[in-house]
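Biologist: Could you take one part of this model and walk me through it closely? I'd like the strand-helix-strand piece, and then whatever helps me place it in the rest of the protein.

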Amino acid sequence: MRSRRYDTDVLAGSGRRRPGQREVPKVEAERGLVVEDSQGRFCGAVVGYEKGAVLLEDRHGRRRVFPLTPAAFLLEGKPVTLVPPAPVKPASAGPARTASGSVAAPATERARAKVARASRIYVEGKHDAELVEKIWGDDLRDVGVVVEYLEGIDDLPAIVASFSPEPGRRLGVLVDHLVAGSKETRIAASVRSPHVLIVGHPFIDIWAAVRPSAVGIRTWPDVPRGQPWKEGVLRAIGWPPEVPAAWQRILRSVSSYADLEPELLGRVEALIDFVTMPGSE
C-alpha cells in the first residue's frame, strides 16, 4: 500500500505548534499598521476589519481581505498573529471629545448660534486650511473664531492693514515653514505687532504634518531639490499622479489630532490661545 504524501506542511496555518516551537506574538490590527502576508506576496496597511478578517491596502491603492489566522502575517519581517483591536470605550465612560482632543461642549450649547469674535485666524494654503478645519473646526466654532484662507504670504501686509489689529481684535496667521533670511520671513517681520502672531509649521508641505502610518506608508519619502515635492512623493510611494485626489485620500485618513505630528499641533494651539485670550473678544 502506498503511503500518503503531502506537498506542504500539514500543520501550517492550523494554529497548532510543534514541541519546542516558539509562540508567535499577537498584534492588534490597528488602522494604519503595515504588514505582509506570510508568503510575502502582499504588503499593505490595515484599513478595515471585521470579525475573522482584516482588509489591507497597498501603496497602489489595491485592497485584499485576509483571514485572521495564526501566524498569517509578517511585521517587520517577523511572523505575527493579528487580532481585532480592543473595543473602544463607550462615550459614557468619559466626556465627549472633539477631533483635537478637547472636551466637547454639550450638544445644546453647540447648537446655539454664536456671535463671531472680532479676532481671526488666517491659514496659508488650501490644504492647510482644510486640515485645520477638520481637526479644530468644532473648537473654533465653539469659541466663535473664524478661519480665513490666505492664498499666499504676499497678500499678508494688505490683509493686516485692512484688518487693523488692536487689543480686542487679534490676528493669528499660520504659514508654511519660515526660513531665516527668506522673503517670507521678511514679510512676516514687516507686519510685526503685539496684536499679530505669525507662526510657520516646520514641514516642507502640510502633507508631511500627517503621520505616515495614518496613510499607510512607513515614512514620507525624500524628494530631490528642484523637483515638485507633491508629485515626487506620489511617484515614490506609487500613488496615481493626481495631487487633488491624493490630498483627499490623505485628508480622509485623518480623524483626530493623533494622526498629526506634534509640531503642527503646537502651532495651531498657540494661535487659538492667542486669539481667544482675555480681551480678544
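Modeller: Sure, let's start with the unit itself: β10, helix α4 (residues 183-190) and β11 form a β-α-β unit, and it is right-handed. Keep in mind that this is a predicted model. The two strands, β10 at residues 171-175 and β11, run parallel to each other and pair over five bridges. If you want a spot to zoom in on, take Val-173, which sits opposite Ile-198 in β11. Strand β11 itself spans residues 196-200 and is mostly covered, with four of its five residues buried.

Now for the wider setting. The protein has seven helices and eleven strands, and 41% of its 281 residues count as buried. Among contacts with a separation of 6 or more, 65% are between residues 24 or more positions apart.

Further along the chain comes helix α5, residues 229-237, where Trp-229, Gly-232, Val-233, Leu-234 and Ile-237 are buried. Part of the cover over those buried residues of α5 comes from α6. Right after α5 you'll find Gly-238, with a positive phi of about 80 degrees.

Helix α6 turns up again at a pocket. α6 (243-253) and β3 (43-50) are the elements that each give two or more residues to the lining of the second largest pocket. That pocket has a volume of about 500 Å³. Its lining counts 21 residues, and the ones nearest the centre are Arg-31, Val-47, Ala-214, Val-215 and Ser-253. Sorted by class, the lining of this pocket comes out as eight charged, seven nonpolar and six polar residues.

Since you work with backbone geometry, two more residues deserve a look. Most residues other than glycine have a negative phi. Ala-71 is not a glycine, yet its phi is positive, about 55 degrees. You'll find Ala-71 in the loop between β5 (63-67) and β6 (73-75). Ala-71 counts as partly exposed, because its relative accessibility is 31%. Glu-76 also has a positive phi, about 55 degrees, without being a glycine. The loop that holds Glu-76 runs between β6 and β7 (78-83). With a relative accessible area of 77%, Glu-76 is exposed.

Note on methods: Residues numbered from 1 in each chain as written. Predicted model: local features only at pLDDT ≥ 70, side-chain atom pairs only at ≥ 80, totals over all residues. Heavy atoms only, no water. Buried < 20%, exposed > 50% of the residue type's maximum accessible area, 1.4 Å probe, protein only. Pairing = 2+ DSSP bridges. Right-handed = clockwise from strand over helix to strand, strands pointing away. 1 Å grid on protein atoms, 1.4 Å probe; cavity = no way out; pocket = protein on both sides within 12 Å on 5 of 7 lines; lining within 4 Å. Points joined across faces, edges and corners; volume = space filled by probe spheres on them. Nonpolar A, V, L, I, M, F, W, Y, C, P; charged D, E, K, R; others polar. Contact = heavy atoms within 4.5 Å.
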